[in-house]
Amino acid sequence: MDITIIGLGYVGLVNAIFLASLGNNIVGYDIDKNKISLLREGVVSIEEVGLQDLLDKFHKNLRFTSNYKDSIRNADNIFICVDTPSKEDGSVDLSNFYNVLDNIKNASNKDQNIIIKSTVPIGQNKLTKQYLEKDSLFKYEVISFPEFLSQGKALEGLINPYRMIFGVSSSNGANVAKRISQAYLTKKVPVMITSSENAELIKYASNCFLATKISYINNISQLCKACGADINKVSKAMSLDPRIGSEFLNAGIGFGGSCFPKDTKALINIEQRYGVDNSLLKSVMKINDDQISIFMNEFFSKFKRLSNLKIGILGVAFKGDCEDVRNSQATVIMRMLLDKNAKLTVYDPLAMDNCENLFSRHQHIKYVDYISDVLKDADVVFILNDCNEFKELKAYDFISLMKKPIIFDGRNLFKLEDMIGIEYHSIGRNVVLIK
Ligand code: UGA
């Protein structure tokens, strides 16, 4: 299949390279000229397991351009993969999306299939068709094809997806959807071809359900702390019931990233517009914000003045083993500490460059190359995401390197019984004190 992919962020780039590896001919467009020149040199601009190898092997099936006319003019199938961030009021900022539609209107010279992968509000598929066809000589078949991949496991999510959802409004649209699903060569995956409204809502409802699950367990973690129970034991036992399941049941400092916060706020806004009760999702966001305050109140009640402390930070990305610091709970906590004049020594295996850019080389942040540099002579260490490398640490590492081993673990990476000899603060569990 010949496919043009507009927007080579996580969704666009991973889909482009994956589809090319299956023999499809892909044109990838991005507005960012640096990204395009790197890709032309064969360099993948994001950290995703296996992606660079696939590009090395299948680059012949890919052509990258930053000329939108060139990418659109003769395309039969155009995937829109640009980001749709939140506005101040939580509603969806569609300016990138409409820029793409304007480019299509300017450049196309034939009927085309437009496949929406960006997360867009309910009704946007139909509005897109109207917008494109207004004063145009051409017809556009607009298909909603929401993305469900997770950063860090993106290729795995395309090779073995849980489901493929297409939103269409005609039988021709359904045929295009079938051809697209075949281009992914995925075996035995449920494919649902449904209305565009259903497809658009399935994406929001799925992300917000997972966000709700996290806030639910975080709310129970608050109760655990109050009554002396242990959230890890409680969630472990709950997860043994297959109706509940073990995924997205880890208590912590809350969800971040470029999807859950944005999509939950968007659905709150959408429900309000339709006059539907949005109090559940508002609570999901409130609990998510409270997780940081509760965690930091525990820290600030112990440490009143921070300027003389060496504070270590392990993990700045919004989740472990990922480079993305957008909406990361870790960066919120770092700002709270910096506002109180703290000096931070920071390590994350993948996200250091992005963190440095975010904090514009803040003079109170020192970036180091090893965990041991964070621990060495530190007065206190924060663990803020669940990198595999951090999980390997043992109590002895903290005891032997730190000035006094005091840990604030925002991701509950260790069992309480393994933290003897450390002052260990975590989420929804009793504090372990040094005897
Ligand atoms: C999420 C969804 O999982 C994907 O299915 C979806 O396609 C994607 O959003 C999207 O809309 O593009 P992602 O944002 O990459 O994927 O990250 P997740 O692995 O879902 O984690 C989100 C946040 O929840 C992270 O901050 C993570 O630390 C937190 N989390 C996750 C918890 O606090 N507890 C958990 O048990 C699981």
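**A walk through strands, a helix pair and two single residues**

Strand E12 (residues 380-383) and strand E13 (residues 406-409) pair in the parallel sense over three bridges, where strands are DSSP runs of E with at least two residues, helices are DSSP runs of H or I with at least four, both numbered from the N terminus, and pairing requires that DSSP finds at least two bridges between the two strands. The model is a predicted one, in which local features need pLDDT of at least 70 and side-chain atom pairs count only at pLDDT 80 or more, while totals for chains, interfaces and linings use all residues. Residues are numbered from 1 along each chain as its sequence is written, and side-chain values use heavy atoms, with hydrogens and water left out.

Within the pairing of E12 and E13, Ile-383 has Asp-409 of E13 as its bridge partner. E13 also pairs with strand E14 (residues 423-425), again in the parallel sense and over three bridges, and here Ile-406 stands opposite Glu-423 of E14. In a regular strand the side chains alternate between the two faces of the sheet. In E13, Ile-406 and Phe-408 point one way, Ile-407 and Asp-409 point the other way, and all are buried, buried meaning under 20% relative accessible area, exposed over 50% and partly exposed in between, with a 1.4 Å probe and protein chains only.

Turning to the helices, the axes of H11 (residues 260-273) and H12 (residues 279-302) come within 9 Å and cross at roughly 150°; such axes are lines fitted to C-alpha atoms over the stretch in contact, and the angles run from 0 to 180 degrees between N-to-C directions. H11 and H12 are therefore roughly antiparallel to each other, since angles over 145 degrees count as roughly antiparallel, under 35 as roughly parallel, 65 to 115 as roughly perpendicular and the rest as oblique. The contact, which means heavy atoms within 4.5 Å, is made by Pro-261, Thr-264, Lys-265, Leu-267, Ile-268 and Glu-271 of H11 together with Leu-281, Lys-282, Val-284 and Met-285 of H12.

Two single residues complete the tour. Ser-328 has its place in the loop between strand E9 (310-314) and helix H13 (329-339), and at 1% relative accessibility Ser-328 counts as buried. Leaving aside residues up to four places away in sequence, Ser-328 touches Val-316, Ala-317 and Phe-318. Lys-178, which lies in helix H8 (residues 171-183), is partly exposed, with a relative accessible area of 44%.
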